[in-house]
Number of protein chains: 2
Amino acid sequence: MKIKIKELKEKVMKTLMQNFSKEEAERISEYLIWAEMCGIKTQGLLKLIGDNPLQKIKPLHKIKIEKDTKLSQVINAGAMPAPLVSQIATDNVIEKAKAHGFGIVAVHNIFSSNGAQGFYVERIAKENLIGIMCSRSPASAAAFDGIDPVFGTNPIGFGFPTNDEPIVFDMATSAMTWYGLVLAKARGEKIPENVAIDNNGKITTIPDEAMKGALLPFDKSYKGSGIAMIIEILAGPLASSAWVDNKTFKEEWGTLLIAIDPNLLTDVKKFKENCSDLVKKVKSSRKKEGINEIKIPGEDSRKSYQEALKTGFIEVDELILKGLGYI
Amino acid sequence: MKIKIKELKEKVMKTLMQNFSKEEAERISEYLIWAEMCGIKTQGLLKLIGDNPLQKIKPLHKIKIEKDTKLSQVINAGAMPAPLVSQIATDNVIEKAKAHGFGIVAVHNIFSSNGAQGFYVERIAKENLIGIMCSRSPASAAAFDGIDPVFGTNPIGFGFPTNDEPIVFDMATSAMTWYGLVLAKARGEKIPENVAIDNNGKITTIPDEAMKGALLPFDKSYKGSGIAMIIEILAGPLASSAWVDNKTFKEEWGTLLIAIDPNLLTDVKKFKENCSDLVKKVKSSRKKEGINEIKIPGEDSRKSYQEALKTGFIEVDELILKGLGYI
């Protein structure tokens with residue numbers, strides 16, 4: 001149902017302030033409302049419902065900077081919510097790249113997902129930097145030819161500045177997101193064919209069986225599985241986070257953020273101009289029969305966001321609003 | 001047919017020294033023989049046959065370092081062969097990352113493909129660094145929903161040090177490589193269904209029609225197309241190379257190399273140990289019915305390489321050996 005953004009934000013703030021300071025709640029809700037405005041339903045308010053909702057997280061300690069060099073930083077999140085810690089990490093990686101041309105920041109000891117990587121890399125791109133972000137989550141996806149969950153849904157995102165809006169690309173390396181399963185389960189719906197297997201390795205369309213089994217690589221091939229493994233390494237061992245098995249590590253999410261100043265290699269003005277030209281050329285290439293428009297990564301989300309901004313309203317799943325006691 | 005590696009190397013050196021110095025020919029042949037030993041047939045000696053073979057390249061000038069900072073370097077290749085220039089770029093990115101924790105090197109003005117990214121990133125990984133490499137090539141792949149070629153086959157590679165052999169992942173973002181088309185055409189073979197379209201956007205299995213049409217994204221979805229576009233930006237505008245259209249830029253390949261010292265974030269010894277453990281855990285996860293082994297990226301190539309090293313012989317396509325006048 002349609003809900004006024006302002007009203008929704010107030011309600012979300014109230015929910016979050018049960019457990020977090022006003023300033024913390026503001027940063028977390030900023031992310032959540034953004035995701036809803038973008039229409040990224042599996043990465044928004046859904047994180048406030050279910051068995052382990054974000055607002056019930058009990059942080060172990062305040063965030064700690066465990067390592068800090070000119071180019072790099074390691075943040076121990078102390079189990080603070082990822083949408084908060086990852087915004088701090090984003091600020092810090094931007095600062096490093098602005099000062100030295102390159103920054104790399106790792107976050108570990110987070111006990112929630114930071115949602116859509118697009119939110120963070122877009123911010124980096126808006127600072128005239130190239131943003132790269134990837135995250136690992138508890139094992140829920142099988143390797144190619146395997147049936148046990150060994151990789152997280154392991155999303156990756158890229159943001160590039162242009163002369164217009166940034167190019168923002170963001171994807172899960174599994175054929176479906178974990179919150180996609182959560183949403184389907186909550187709605188009592190089936191999931192598509194050929195995105196998940198049950199515990200015995202048979203294709204399943206039942207969310208619950210998929211949760212006990214494993215998601216498949218997004219392309220069902222060794223390539224998608226390889227990319228998932230790359231992210232498992234970058235946001236796992238490199239980020240001092242966990243890898244592969246959920247028994248030893250339990251709920252260890254991990255995130256790696258990279259920011260690169262295009263001036264390291266070229267002139268940022270020329271780079272932005274050429275990226276805009278690249279977009280224009282891709283969009284004006286010939287289309288498949290029946291296709292009206294070639295979409296650039298992030299275009300649909302941005303359209304949805306701008307529409308919400310204009311009208312002041314967003315469409316939110318009734319189930320979620322009820323679950324949160326908002327209606 | 002089987003050929004002695006030593007003999008093949010001598011013949012390749014002779015071919016290359018028609019146009020290049022002994023030292024240059026040695027570096028180029030090192031790559032080519034490696035690819036053949038690894039069984040990466042579309043990225044090896046095949047580059048010496050066809051309309052525009054590597055040994056016939058007429059360099060415009062010696063390579064020029066156009067920009068050089070502590071962390072970065074831009075190389076104008078002067079149309080020197082990519083397998084040579086990319087090895088120099090690899091040496092330089094390693095040097096920068098060893099000195100400062102991070103290095104990024106771009107190569108443009110190359111008029112050939114550097115082949116399998118795995119060769120270069122493995123070298124970086126053997127120096128206890130994380131290697132990332134991507135390259136753009138003349139437009140030959142369509143965007144998702146498009147039918148014109150707008151992206152190159154745009155490969156990406158990653159190398160990670162472990163306590164055993166490095167993890168080396170390398171893939172083209174198109175459903176088939178360009179040299180795959182060249183090879184199929186030379187053999188008079190058809191290509192698989194659903195990897196390429198003709199100039200009118202219809203699926204084709206005829207290599208020649210695919211060459212005039214476009215390859216599809218490796219996963220035939222917006223995700224693969226998005227990754228291809230990311231590489232088009234990183235190895236195109238960021239690397240001072242070309243992007244999207246072949247009319248303006250003609251044959252402008254471009255390459256971006258990144259090396260990251262794990263010590264920026266963690267202890268490299270611990271990192272290597274944990275990467276080895278990650279591999280072990282993925283490999284020991286349960287397998288799909290009928291599957292004997294879960295393969296780690298790069299495993300097949302390494303097995304083939306080691307086998308060749310042991311026997312001293314490799315299997316090379318007769319067509320290629322004849323084309324080169326070796327038999």
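Hi everyone, this is a short talk about one strand in chain B and about how chains A and B sit together. Please keep in mind throughout that this is a predicted model.

Let's start with strand β3 of chain B, which covers residues 72-76. Is this strand buried or exposed? It is mostly covered, with 5 of its 5 residues buried. If you look at the two faces separately, B:Ser72, B:Val74 and B:Asn76 lie on one side, while B:Gln73 and B:Ile75 lie on the other. Both faces are covered.

Now, which strands does β3(B) pair with? One of them is β2(B), residues 64-68, and here the pairing is antiparallel, with 4 bridges. To find a spot on the structure, look for B:Gln73 in β3(B), the bridge partner of B:Asp68. Between β2(B) and β3(B) the chain makes a hairpin, and the connection takes 3 residues.

Another partner is β4(B), residues 102-110, and this time the sense is parallel, over 5 bridges. Here you can look for B:Asn76, which stands opposite B:His108 of β4(B). We have already met B:Asn76 as one of the buried residues of β3(B).

How does the chain get from β3(B) to β4(B)? Helix α3 of chain B, residues 82-100, belongs with these two strands in a β-α-β unit, and that unit is right-handed.

Let's step back and look at both chains. A turn of 180° with a shift of 0.0 Å along the axis lays chain B on chain A, and the RMSD is 0.0 Å. The two copies are therefore related as by a two-fold rotation axis. Which residue of chain B comes closest to that axis? That is B:Asp219, whose C-alpha is at 2.6 Å.

And where do the chains touch? In chain B, 57 residues are in contact with 56 residues of chain A. Several elements of chain B give two or more residues to this side, and our strand β3 is among them, as is its partner β4. The others are β8 (156-160), β9 (167-171), α7 (222-234) and α9 (268-283). Of these, α7(B) gives the most, with 7 residues. By residue type, the side of chain B that touches chain A has 32 nonpolar, 12 polar and 13 charged residues.

One last point about that interface. Of the interface residues of chain B, 98% are also interface residues in chain A, so the copies meet through the same surface.

So the strand we began with, buried along its 5 residues, also takes part in the contact with chain A. Thanks for listening!

Definitions and conventions:
Residues numbered from 1 in each chain as written. Chains lettered and ligands numbered in written order. Predicted model: local features only at pLDDT ≥ 70, side-chain atom pairs only at ≥ 80, totals over all residues. Buried ≥ 20, exposed ≤ 12 C-beta atoms within 10 Å, placed from the backbone. Pairing = 2+ DSSP bridges. Right-handed = clockwise from strand over helix to strand, strands pointing away. Least-squares fit on C-alpha atoms with pLDDT ≥ 70 in both. Contact = placed C-beta atoms within 7 Å. Nonpolar A, V, L, I, M, F, W, Y, C, P; charged D, E, K, R; others polar.
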